[in-house]
Amino acid sequence: MDSSKPAEAVKNAVKTASGKIADALTPEVPGAPGSAPPTVEEPTTPHDPLPPKPEQGAPQTRTPTGAETGAPATANGQQGAYLTTAQGARLRDTDHSLKAGPRGPVLLQDHHLREKITHFDHERIPERVVHARGAGAHGVFTAYGTAEAVTRAGFLMKGRETEVFVRFSTVLGSRGSADTVRDTRGFATKFYTDEGTFDLVGNNMPVFFIQDAIKFPDIIHAGKPHPDREIPQAQSAHDTFWDFVSLHTEAQHHTIWNMSDRGIPRSYRTMEGFGVHTFRLVNEAGETVLAKFHWKPKLGVHSLTWEEAQLLGGMDPDFHRRDLYDAIEAGAYPEWELGIQVFPDTPEETFAGIDLLDPTKIVPEELAEVQPIGRLVLNRTPTNFFAETEQVAFHLGHLPPGIDVTNDPLLQGRLFSYVDTQLTRLGGPNFSQIPINRPHAAVNDMLRDGFHQHAVHAGVAPYRPNSLDGGNPFPAGDAEHAFVDVPVGVAQAPKVRANPTSFDDHYSQVRLFWLSMSPVEKEHIIRAYTFELGKCYHQAIKERQLQSLANIDPVLCEQVATGLGLPAPQPTVPLADVTPSPALSQVGGEWPSDGRTVGIVVDPDGDLDGVDEVRRAVFEAGMVPLLIAPHGGMVADLPVQRTFATGRSVEFDAVLLAGAPAPAPDAVPARDDKAGRAGAAAVDPRVLLLVEECWRHAKAIGAWGAGGTVLEQAGVAGTPGVVTASSGAEALTAVQQLMAAHRVWERFPASVA
Ligand code: HEM
């Protein structure tokens, strides 16, 4: 066997074993593990490790001090055809301990047994104290050059391409928690610039709960599960969270973002990202501006419905990471534009009366436009989750020349916290030498030794100045792109534990957010508050939070109070007179449908040619078709991805009905509780449930031929966003147009204005 092409070799073996690889498998739906289909028989002919899947990437093979090695990325992985010890000695057997006779005892001298078990015993490292659950991807950032006037950062010069690694995350849940919980999402980007790594460690919400980092342990203790029973996992619907945010009312702004649809994103690909803090940019001339970073998703901001999030939490807790990886594998590369809001760097550090150092405040886009400065494309999934996504270490202090921090007290505390926690999480001070963290710029620091030192430092004088190493390393200046600590003045002031008085306004921007929402978004917010507070045990906490809602808006407060069965209090502060910011609403635009999922219900006795045509058309439109049939395997020449028993509406952005399949043999309630109405209808009850759920979740539904019967039986024919077409192509076109608005919003007229 030609071991230089192992994937081909395995594919050939499959062909020999099964006679053919079904041509129908191409184009392939994403998600299959491994880079080649496995054989039924155990492979025994030695060959090199299979290559990664085509869409997988790995950190560049840089040295620990940033030099290119020229080795392929796979050089970081396992090598050769044979099983070895960690020292490279080839092994004959890894299934039997070395024993004194077949009946033992096991011998202590079995170095392979001890090495294998010892390493296994130490496979786990502490999860992140926050943002433990995440998913990462590699990509490239291309600068437009539009920021050249305000920053000297080289990676923002026109046309410059920079490799990046992005990690998305939830905040509260443990590593194994569900993706679709209501929570803030992390959006952390590592730019491997040639002037040093830049980490933009942001969230999908532009504000934060607290104004001072000293409260960070407190808000996280309140949001994490209760310390006695360790429940609930990965959610804010519990007493300690609401106790905190109703006592620290500065948290109300971030809280309303969490209660809005932003708290349950449809996909990482449909989230905005925000640097939150105000940064200080400095250009070649030494001039400074203040700036906020924004990521704008190409696909628009799109969220799950609450019920979808609940169902997904059970049936696919990995929904967001699967969506990210499937989209990349399908070639629908997630894209964002990076933008900046720019403000004059005045001594007051305010803009339009808004304190730019207060991380609980936004500057509405209508007041300061977000100017696009570059484009991010994620085009590679990680080869190894642990090595890349788990070991990546972000830090706000990773800044290139041209970008500097401000005195935002939340930002200042973060500058300390990240490295400090990583010392424990990654087991010592040398984690910047782990492949995913290695800079793509030459490193010549004077840091030495420590656990897991990968560099082999030469010389005898890691101090400055020195003469023994010829003076190396030398300080750099402007010409050598040295980092710029902007010499900002520090006010003469007493040493105090206090905030500026401008930080005392806790409600005006919460009201601004509420008034900027469309009616359907307001409905969702009311429902979220009612659910979360309804899950609290203590009435005092509900009453206290209702007081905050009264200070935001009387309608919001009354509606939530009604749901809780409590009286709505009067406001204790004057309601702010604010101008809504339409940019905050995620309803009303039209966006591309790249990488979205279309379920196609197949009736084996129906129009299978039509199904094949539509399936190919969905691929060509840059989306992913999933065929849903009565049974697995193949229907004629068509590969089935979901059955009526395994599929669920929440996996699909839209559904097409190519027929009206009669109840399948397994549509028996005893075997499948989705089949509860078995026998009651001419159509399989699981198909009816699928259609009803899609309808309830305001998704586009299309049918042609006998598919119209399903719409009739489900009672949705002729309602908004439900299309009966004369062919599959026509149904797909109509459904794709509906998907542009993300959902069929008019299906549920809102009761609040
Ligand atoms: C604007 C406010 C904040 C934002 C946007 C933010 C964002 C993030 C993100 C995205 C991560 C995950 C990074 C990853 O994917 O590995 C993270 C982790 C973390 N954050 Fe924050 N955070 C904020 C405030 C804070 C504050 C105030 C502190 C502490 C004072 C803090 C401490 C941490 C720690 C300890 C981690 C875990 C880091 C690790 O283990 O590598 N964060 N944060």
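The legends below describe several close-up views of a predicted model.

**View 1. The iron atom of the ligand and its protein donor, Tyr418.** In this view the iron atom of the ligand has a single donor from the protein, the OH atom of Tyr418, which lies at 2.0 Å. Tyr418 belongs to helix α9, a helix that runs over residues 409–425. Helix α9 appears again in the next view, where it supplies at least two residues to the lining of the second largest pocket.

**View 2. The second largest pocket, with β5 and α9 in its lining.** The space in the second largest pocket comes to about 1,400 Å³, and 44 residues form its lining. Nearest the centre of this pocket lie Gly196, Ala442, Val443, Asn444 and Asp445. Strand β5 (196–203) and helix α9 each contribute at least two of the lining residues.

**View 3. The largest cavity and the residues around its centre.** The structure holds 11 cavities of 30 Å³ or more, and the largest cavity, shown here, contains about 160 Å³ of space. Its lining is made up of 19 residues, and those that lie nearest the centre are Pro206, Phe274, His294, Ile362 and Val363. Strand β8, which covers residues 288–297, gives the most to this lining, with 4 residues.

**View 4. The surroundings of Asp653 in the loop between β18 and β19.** Asp653 is placed in the loop that connects β18 (642–643) with β19 (654–657). Asp653 counts as buried because its relative accessible area is 4%, which is under the 20% cut-off. The side chain of Asp653 is joined to that of Arg266 by a polar contact of 2.7 Å. When residues up to four places away in sequence are not counted, Asp653 touches Arg266, Arg596, Thr597, Lys699, Ala700 and Met739.

**View 5. Arg375 in strand β12 and its polar contact with Glu335.** Strand β12, formed by residues 371–382, includes Arg375. With a relative accessibility of 33%, Arg375 counts as partly exposed, because this value falls between the limits of 20% for buried and 50% for exposed residues. A polar contact of 2.9 Å links the side chains of Arg375 and Glu335. Although Arg375 and Glu337 are 38 residues apart along the chain, their C-alpha atoms are separated by 4.5 Å. Leaving out residues up to four places away in sequence, the residues that Arg375 touches are Val140, Phe141, Thr142, Tyr144, Glu335, Trp336 and Glu337.

**View 6. Helix α11 and the helices against which it packs.** Helix α11 spans residues 519–534, and its 16 residues should cover 22 Å at 1.5 Å a residue, a value that agrees with the 22 Å between its end C-alpha atoms. The helix is mostly covered, since 12 of its 16 residues are buried. Among these buried residues are Val520, His524, Ile525, Ile526, Tyr529 and Leu533, together with Glu521, Lys522, Glu523 and Glu532. The buried residues of α11 pack against α4 (239–247), α5 (252–259), α10 (508–516), α12 (539–552) and α13 (554–564).

**View 7. Helix α10 and its packing partners, which include α11.** Like the helix of the previous view, α10 is described as mostly covered, with 8 of its 9 residues buried. The buried residues are Ser508, Gln509, Val510, Arg511, Leu512, Phe513, Trp514 and Ser516. They pack against the helices α5, α11, α12 and α13, and also against β11 (354–355).

**View 8. His254 in helix α5.** Helix α5 holds His254, which counts as buried at a relative accessibility of 1%. Apart from its neighbours within four places in sequence, His254 is in contact with Thr184, Met205, Val207, Phe208 and Phe209. Leu626, by contrast, stands 372 residues from His254 in sequence and 37 Å from it in space, C-alpha to C-alpha.

**View 9. Ile434 in the loop between α9 and α10.** The loop between α9 and α10 contains Ile434, which counts as buried at 11% relative accessibility. Not counting residues up to four places away in sequence, Ile434 touches Ala387, Gln391 and Leu426. Ile434 and His454 are 20 residues apart in sequence, and their C-alpha atoms are 8.4 Å apart in space.

Terms used:
Residues numbered from 1 in each chain as written. Predicted model: local features only at pLDDT ≥ 70, side-chain atom pairs only at ≥ 80, totals over all residues. Heavy atoms only, no water. Donors = N, O, S within 2.8 Å, 3.2 Å for Na, K, Ca; no water. Buried < 20%, exposed > 50% of the residue type's maximum accessible area, 1.4 Å probe, protein only. Polar contact = N/O pair within 3.5 Å; in protein donor to acceptor, adjacent residues only side chain to side chain. Contact = heavy atoms within 4.5 Å. Expected span 1.5 Å × (residues − 1). 1 Å grid on protein atoms, 1.4 Å probe; cavity = no way out; pocket = protein on both sides within 12 Å on 5 of 7 lines; lining within 4 Å. Points joined across faces, edges and corners; volume = space filled by probe spheres on them.
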